Amino acid sequence: MTPDFIHEFVPGSSNRTLLLLHGTGGNERDLIPLGRELDPNAALLSPRGKVLENGMPRFFRRVAEGVFDLEDLQKRTHELADFVAAAADPYDIDKKNIIAVGYSNGANIAASVLLLRPETFAGAILFRAMLPLEPQKPLELANVRVWIGAGNYDPIIPTSETQRLVELLRHAGADVTVRFLNAGHALTPEDISLARDWLRGL
Ligand code: MLT
């Protein structure tokens with residue numbers, strides 16, 4: 001395979017794969033420990049975002065904080081979904097058992113994949129996510145399970161934006177668990193333990 005994204009792959013001992021999507025300024029190694037903490041048995045696939053903002057990797061371009069370049073976002077969403085589909089064969093990934101785990105910018109691209117390429121994920125854990133775009137087509141997410149962790153004091157992702165995402169996903173039939181934590185933008189141990197418990201129950 002000639003993968004389209006710089007990435008890490010860590011084999012697992014179960015048929016679940018976590019697709020790890022880092023935040024702005026992160027890289028493919030950042031979330032490997034988090035992935036292992038969330039599920040010690042899952043395979044981990046962790047790409048690096050291809051867009052650079054002042055040298056910081058991201059998964060799509062933005063015009064300003066919270067204002068996205070929608071054309072680029074759509075293009076990058078399809079690129080990422082294509083990469084995941086293409087990685088399935090060489091890494092022996094069960095396409096029906098891929099759970100996205102995204103933080104911040106990584107959570108936003110994961111949400112965008114849910115909206116534009118819903119067949120890609122069986123579920124998603126989204127830490128500090130917002131509604132990245134308004135889908136133009138009716139959406140069917142009846143078999144998709146999503147856990148969302150928001151920070152009540154997050155200066156980057158207002159809780160109202162997270163709520164818009166929750167409503168849209170629920171409207172499309174997704175099973176959404178959302179937790180509003182007394183936290184800021186950074187991940188907290190509470191996020192991780194709640195998400196891990198949710199994942200164990202899947
Ligand atoms: C984004 O650009 O996706 C959000 O503003 C979160 C972030 O800062 O990465």
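Student: How do the residues of the shell around the ligand divide into nonpolar, polar and charged?

Tutor: Three are nonpolar, five polar and two charged, where Ala, Val, Leu, Ile, Met, Phe, Trp, Tyr, Cys and Pro count as nonpolar, Asp, Glu, Lys and Arg as charged, and the others, Gly among them, as polar. This is a predicted model, in which local features need pLDDT of at least 70 and side-chain atom pairs count only at pLDDT 80 or more, while totals for chains, interfaces and linings use all residues. Residues are numbered from 1 along each chain as its sequence is written, and side-chain values use heavy atoms, with hydrogens and water left out.

Student: What makes Thr24 a polar contact of the ligand?

Tutor: A polar side-chain atom of Thr24 lies 2.6 Å from a ligand oxygen atom. A polar contact is a pair of N or O atoms within 3.5 Å, so the Thr24 pair qualifies. Asn108 also has a polar side-chain atom 2.9 Å from an oxygen atom of the ligand, and for Ser104 the distance from a side-chain N or O atom is 3.4 Å. Taken alone, the ligand exposes 260 Å² (Shrake-Rupley method, 1.4 Å probe), and the protein buries 96% of that.

Student: Why is the link between Glu79 and Arg76 called a salt bridge?

Tutor: The definition asks for a side-chain nitrogen of Lys or Arg within 4 Å of a carboxyl oxygen of Asp or Glu. The closest N and O atoms of Glu79 and Arg76 are 3.3 Å apart, so the pair meets it.

Student: Where do Glu79 and Arg76 lie?

Tutor: Both are in helix H2 (residues 70–91), three residues apart, about one turn of the helix.

Terms used
Polar contact = N/O pair within 3.5 Å; in protein donor to acceptor, adjacent residues only side chain to side chain. Helix = DSSP H or I, 4+ residues; strand = E, 2+ residues; numbered from the N terminus.
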